[in-house]
Amino acid sequence: MNLKISFFSIAIAACLQCSAQTIVKSTDPHIRYSGRIAMTDSTAELSWSATSIKVNFIGTGISAVLKDEGSDNNYNVIVDGKVTSIIHPEIAKKAYQLATGLPGGKHTLELFKRTEWAMGKTLFFQFELSGNGKILAPPPAQKRKIEFFGNSITCGYADEDTTGKDRGTSPYENGYLSYAAITARHFNAEMHNTSKSGIGITVSWFPMIMPEMYDRLDATDPDSKWDFSKYTPQVVVINLFQNDSWIVKLPDNEQFKARFGTKPPTPDFVINAYQSFVKSIRAKYPDARIICILGSMDATGAGSPWPGYIDKAVAGLSDKNIYTHFIPYKNTNGHPSVKEQQTMADDLIGFMEKSIVW
C-alpha cells in the first residue's frame with residue numbers, strides 16, 4: 001500500500017513539473033512589439049518585414065505559440081542580443097522552443113520577422129516560460145525611430161542566396177541583414193520597414209503601388225489602415241523607383257498597360273508622382289527628416305535619369321529637411337547580397353552621420 005502511494009505521489013510530482021510554466025499572452029503589457037502589428041483579443045498578427053516581439057524574463061527556457069498562414073515565413077531567434085536560431089512556423093498552431101538550458105538570471109528574447117508580407121502573416125498567441133520562469137518589465141522603448149519605405153532591396157530579397165540564382169523565396173530572404181536593419185541597429189533605433197518586393201511609385205510588377213500601400217496596418221488587407229500617431233520617426237528613408245525604372249520600358253507588361261496605356265510616362269509625370277508621395281509622407285510626419293535615396297541596383301547606374309527625377313522632385317518641395325542621397329550601382333547581377341547590403345548600410349550611415357542631428 002505504501003509503495004502504491006509513493007508511486008502515485010511521484011507520478012503527480014512529475015506531471016506538475018512537466019506542466020509548470022508561466023504563460024505570457026500576446027496582449028500582456030510586458031511584451032514590447034515593434035513594427036505595424038495588428039492586435040486582436042488573442043493574437044498579434046505579424047505581416048511586415050522586420051516586425052519583432054521582445055520580452056525580458058528570468059528563467060532557463062522560453063517557447064512561443066505561433067501559427068503561420070502558409071508556412072512561408074522565417075524568424076530570427078535573438079537571445080541576449082545574439083541570433084541563436086531560425087524558426088519556420090507551420091500552418092498548424094503549435095509551440096516552438098526558442099531557448100532552453102539558459103543560465104539562471106535575466107534574459108532578453110526577440111523574435112524578428114526575416115521575411116516580407118508577400119509570404120503572408122504569422123499569428124503569435126503567447127510565450128511560455130519554462131519551470132519557475134518570471135516575466136519582467138519590457139525592454140525600454142528606443143528613443144530613436146526610423147521608418148523605411150522601399151522595395152525588395154529594403155526587404156533583403158535574395159540577400160542570402162549565394163548561388164547567383166537571385167531566388168526570392170523565403171529561405172534566401174533575411175531582412176535582419178538588409179541595409180535598413182543594419183542602419184537602424186547602428187543608431188540603436190527602432191525601425192518600421194514598410195516595404196514590398198516589386199513595388200514602385202508609378203507602377204509595380206503587380207496591381208498596387210506604394211502610394212496605395214504605405215498606410216496599411218495589416219499589409220495583406222487594403223481596408224486595414226495604420227494609425228500614424230502610434231509611431232513618429234525622427235528619420236524617414238525612401239528607397240523607391242528601381243522597379244519603375246524597369247517597367248516603364250516594357251510596353252507589353254500588363255501593369256504598364258494598366259497604369260500608362262500605350263505610352264510611357266513623361267519625366268514630368270514621374271517627377272510629380274514622386275513629389276506627391278513625399279508630400280504624403282511629410283503630411284504624416286511633419287517634423288521628420290526625410291532622406292530620399294536610390295540604390296544600389298542599376299537605377300543608379302551610369303546614364304540613369306532616375307536620380308535626376310528625385311533631385312527635381314525634392315527641389316520642387318523647397319523643404320530644408322528633405323534630403324537626397326544616391327548609393328552607387330553595385331555593378332553585379334541580381335539583388336544586393338549580404339555583403340552588398342552592408343556596403344549600402346555603410347554608405348547610408350555615413351551620410352546620416354554627417355547630415356542628421358537626432
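How many salt bridges does a search of the whole structure find? The search finds 11. The model is a predicted one, and its salt bridges, pockets and buried parts are described in turn below.

One salt bridge pairs Glu-160 with Arg-114, and their closest N and O atoms are 2.8 Å apart. Glu-160 sits in the loop between helix 2 (152-155) and helix 3, while Arg-114 sits in the loop between strand 10 and strand 11, so the pair ties together parts that are 46 residues apart in sequence. The two partners differ in burial. Glu-160 is partly exposed, at 29% relative accessible area. Arg-114 has 4% relative accessibility and counts as buried.

A second pair is Asp-161 and Arg-167, whose side chains meet in a salt bridge at 3.0 Å, N to O. Asp-161 is buried, with 9% relative accessibility. Arg-167 is partly exposed at 25%.

Asp-215 and Lys-225 also form a salt bridge, with an N to O distance of 3.5 Å. Both lie in the loop between helix 4 and strand 15, so this pair ties together parts that are 10 residues apart in sequence. Asp-215 is buried because its relative accessible area, 18%, is under 20%. Lys-225 is partly exposed, at 47%. Elsewhere, Glu-45, Lys-121 and Asp-218 are joined into one network by salt bridges that share partners.

The loop between helix 4 (210-213) and strand 15 (235-239) also holds Ala-219. This residue has 0% relative accessibility and counts as buried. Ala-219 is 100 residues from Met-119 in sequence, yet their C-alpha atoms are 11 Å apart in space.

The largest pocket holds about 550 Å³ of space. Its lining has 27 residues, and Ser-52, Lys-54, Glu-110, Gln-142 and Arg-185 lie nearest the centre. Two or more lining residues come from each of strand 2 (32-34), strand 5 (52-58), strand 10 (106-113), helix 3 (179-186) and strand 14 (189-195). Strand 10 gives the largest share, 5 residues. By class, the lining has 13 nonpolar, 7 polar and 7 charged residues.

Helix 3 is itself largely enclosed by the rest of the structure, because 6 of its 8 residues are buried. The buried residues are Tyr-179, Ala-180, Ala-181, Ile-182, Thr-183 and Ala-184. Just after helix 3, Asn-188 adopts a positive phi of about 50°.

The second largest pocket has a volume of about 300 Å³. It is lined by 16 residues, with Tyr-33, Gly-35, Ile-37, Trp-226 and Lys-230 nearest the centre. Strand 2, strand 3 (37-39) and strand 14 each contribute at least two lining residues. The lining of this pocket has 8 nonpolar, 3 polar and 5 charged residues.

The whole structure has 1 cavity of 30 Å³ or more. The volume of the largest cavity is about 30 Å³. Leu-46, Ile-53, Leu-66, Tyr-75, Leu-111, Thr-122, Leu-123 and Phe-124 line the cavity. Strand 11 (residues 122-130) gives the most to this lining, with 3 residues. The cavity lining has 7 nonpolar residues, 1 polar residue and no charged residues.

At the surface, Trp-205, Trp-246 and Leu-250 make a nonpolar patch of about 300 Å². Leu-250 belongs to the loop between helix 5 (242-247) and helix 6 (254-260). Its relative accessibility is 32%, and Leu-250 counts as partly exposed.

Notes. Residues numbered from 1 in each chain as written. Predicted model: local features only at pLDDT ≥ 70, side-chain atom pairs only at ≥ 80, totals over all residues. Heavy atoms only, no water. Patch = residues over 30% accessible without salt bridge, like charges linked within 9 Å, V, L, I, M, F, W, Y side chains within 5 Å. Areas by Shrake-Rupley, 256 points an atom, 1.4 Å probe, with all protein chains shown as cover. Salt bridge = Lys/Arg side-chain N within 4 Å of Asp/Glu carboxyl O. Helix = DSSP H or I, 4+ residues; strand = E, 2+ residues; numbered from the N terminus. Buried < 20%, exposed > 50% of the residue type's maximum accessible area, 1.4 Å probe, protein only. 1 Å grid on protein atoms, 1.4 Å probe; cavity = no way out; pocket = protein on both sides within 12 Å on 5 of 7 lines; lining within 4 Å. Points joined across faces, edges and corners; volume = space filled by probe spheres on them. Nonpolar A, V, L, I, M, F, W, Y, C, P; charged D, E, K, R; others polar.
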